[in-house]
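Let's take a walk through a protein model together. Keep the viewer open and follow along as we go from sheets to spaces.

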Amino acid sequence: MNSNPSTIKLTDKCLISGAPVQKILDLGMHPYADTFINADQLGMTEPVFPLECYLCPESGQVQLGYISCDYERYNLYAYSYTSANSAFSRNHWDAYYKTIDARFGLKDKFIVEVGSNDGYLIQQFQSNNKVLGVDPSCAMAEIATNRYGVSMVNDFFTFASSQKIKTVFGSADLIIANNVFNHSNDPLDFATGVHNLLKEGGVFVFESPYWLDTIQSQHFDQIYHEHISYFTVKSAYNMLSRAGLEIFDIEQIDYHGGSLRVYAKKLADATPQPVELVAKMIEQETKLGLFEVETYRKFQSDITLARDKFLAKLYDLKAQGHPIVAVGAAAKGNTLLNFYHLDKTVIDFVTDSSPHKQGKYTPLTRIPIVGDDIFRQYKQEVYALVLSWNISDTLKANLLKINNNIKFL
């Protein structure tokens with residue numbers, strides 16, 4: 001592991017092809033989005049880096065320009081995102097397990113989950129199979145072991161770590177990696193590690209937010225320092241092919257506001273060609289301008305204008321004396337708060353149901369994180385800004401049961 005703190009580098013080459021990349025987006029200076037600050041850390045500063053995206057039209061890769069120290073991202077502060085943090089997430093992973101189990105008839109297999117987090121998903125496979133979780137967060141690895149009895153490797157997944165796992169545990173029948181492939185500082189090395197650990201005839205399945213959905217919905221808050229790569233079908237195909245893997249199926253799902261679920265296996269042909277579905281999706285991405293710089297000039301202009309209009313309304317409400325509370329201490333929320341320059345002088349609280357986040361503060365903006373019950377204290381009209389927009393309908397319904405005076409921004 002790299003334990004050198006507060007290191008960052010500007011990467012001007014594509015992480016897949018090595019070709020030059022072009023800057024397409026600039027969201028300003030941001031802290032780690034999945035970092036939340038303890039009360040005894042309020043007098044300290046946390047790392048803050050430029051949050052910029054770069055494009056390689058040749059490979060279809062979209063990536064951060066400034067890439068931070070991976071060890072620091074998950075261990076400098078207690079990492080607080082958990083897979084089982086909401087009913088929405090639990091339902092998604094429950095359905096995921098059933099789908100994968102039914103499709104591949106999993107029994108007496110060796111299954112590895114990379115980025116296993118708190119162990120919620122991988123523990124579902126362990127009744128009929130041998131399982132192993134791999135996660136770089138000490139805090140999450142401890143939860144997975146203590147709560148579910150999951151065997152854990154507390155490390156980053158790389159080609160080198162795949163060699164160690166293979167030596168100790170053997171080759172894997174199934175490797176799953178959900179919302180973690182995009183976190184890797186070296187995604188090609190990650191994919192090569194998958195190829196190394198996977199049995200002949202084995203399957204690799206990963207999920208990641210789909211960049212096309214991000215651009216079309218203008219949900220720029222999916223961009224943060226923990227996300228190094230922003231997957232297109234074109235980049236996924238090119239990356240996996242270089243690592244000796246081929247996509248045999250791909251699905252679009254609604255998790256995280258729109259994600260890809262990619263199914264891959266070891267290459268059977270030294271000169272692969274994309275299957276028909278993959279070829280059609282790459283063609284659609286190209287027609288929609290996903291690999292053209294001009295697309296992102298408009299995107300940057302649109303999100304900046306939307307911010308300015310929103311802030312005009314928000315500051316007018318604040319001037320009238322209305323309390324404003326944000327809902328959902330999510331990584332995406334921290335990107336929005338920092339891009340919109342909303343700190344504790346504007347937002348009174350951020351609410352969240354996770355005990356791992358309550359009592360802490362948002363990074364840089366220093367807004368206290370509390371439970372939803374804080375809304376009970378407001379007898380007058382209170383305005384709520386929902387940061388976890390992917391579960392907004394559920395959140396709104398629950399909050400109105402607490403206080404029907406809430407007005408949603």
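Which residue stands opposite Ser-229 in strand 11? The residue is Gln-63. Before going further, please note that this is a predicted model, in which local features need pLDDT of at least 70, side-chain atom pairs count only at pLDDT 80 or more, and totals for chains, interfaces and linings use all residues. Residues are numbered from 1 along each chain as its sequence is written, and side-chain values use heavy atoms, with hydrogens and water left out.

Gln-63 and Ser-229 take us into an open sheet of four strands, ordered 2-3-4-11 with antiparallel pairing. Helices (H or I, at least four residues) and strands (E, at least two) are DSSP runs, numbered from the N terminus, and two strands pair if DSSP finds at least two bridges between them. Strand 4 (residues 61-64) meets strand 11 in the antiparallel sense over two bridges. At the edges you will find strand 2 (22-31) and strand 11 (229-230), each of which pairs on one side only. Helix 10 lies across strand 2 and strand 3 (48-56), and runs at about 35° to strand 2. Here contact means heavy atoms within 4.5 Å; axes are lines fitted to C-alpha atoms, for helices over the stretch in contact, and angles run from 0 to 180 degrees between N-to-C directions.

Now for the empty spaces. Rolling a probe the size of a water molecule over the atoms shows where empty space is left. On a 1 Å grid over the protein atoms alone, a cavity is a set of points where a 1.4 Å probe fits but cannot get out, while a pocket is an open set with protein on both sides within 12 Å along at least five of seven lines; lining residues have an atom within 4 Å of a point. Grid points are joined across faces, edges and corners, and a volume is the space filled by probe spheres set on the points.

Strand 11 turns up again at the largest cavity, which holds about 50 Å³ of space. Its lining includes Ser-229 and Tyr-230, along with Trp-211 and His-227. Strand 10, helix 7 (211-217) and strand 11 each supply at least two residues of that lining. By class, the lining of the largest cavity has five nonpolar, six polar and no charged residues; Ala, Val, Leu, Ile, Met, Phe, Trp, Tyr, Cys and Pro count as nonpolar, Asp, Glu, Lys and Arg as charged, and the others, Gly among them, as polar.

Helix 10 also has a second role in our tour. The second largest pocket contains about 280 Å³ of space. Among its 14 lining residues, those closest to the centre are His-219, Phe-220, Asp-221, Leu-336 and Tyr-340. Helix 10 (293-319) and strand 17 (382-386) are the elements giving two or more residues to this lining, and helix 10 gives the most, with three. Ten of the lining residues are nonpolar, three polar and one charged.

Strand 17 leads us to another open sheet, where five strands follow the order 16-15-14-17-18 with parallel pairing. Strand 16 (369-370) and strand 18 (406-408) each have a single partner strand, so one side of each is left without a neighbour in the sheet. Strand 14 (residues 324-327) pairs with strand 17 in the parallel sense over four bridges, and Ala-326 has Leu-385 as its bridge partner in strand 17. Helix 12 (residues 392-402) lies across strand 14, strand 17 and strand 18, at about 160° to strand 18.
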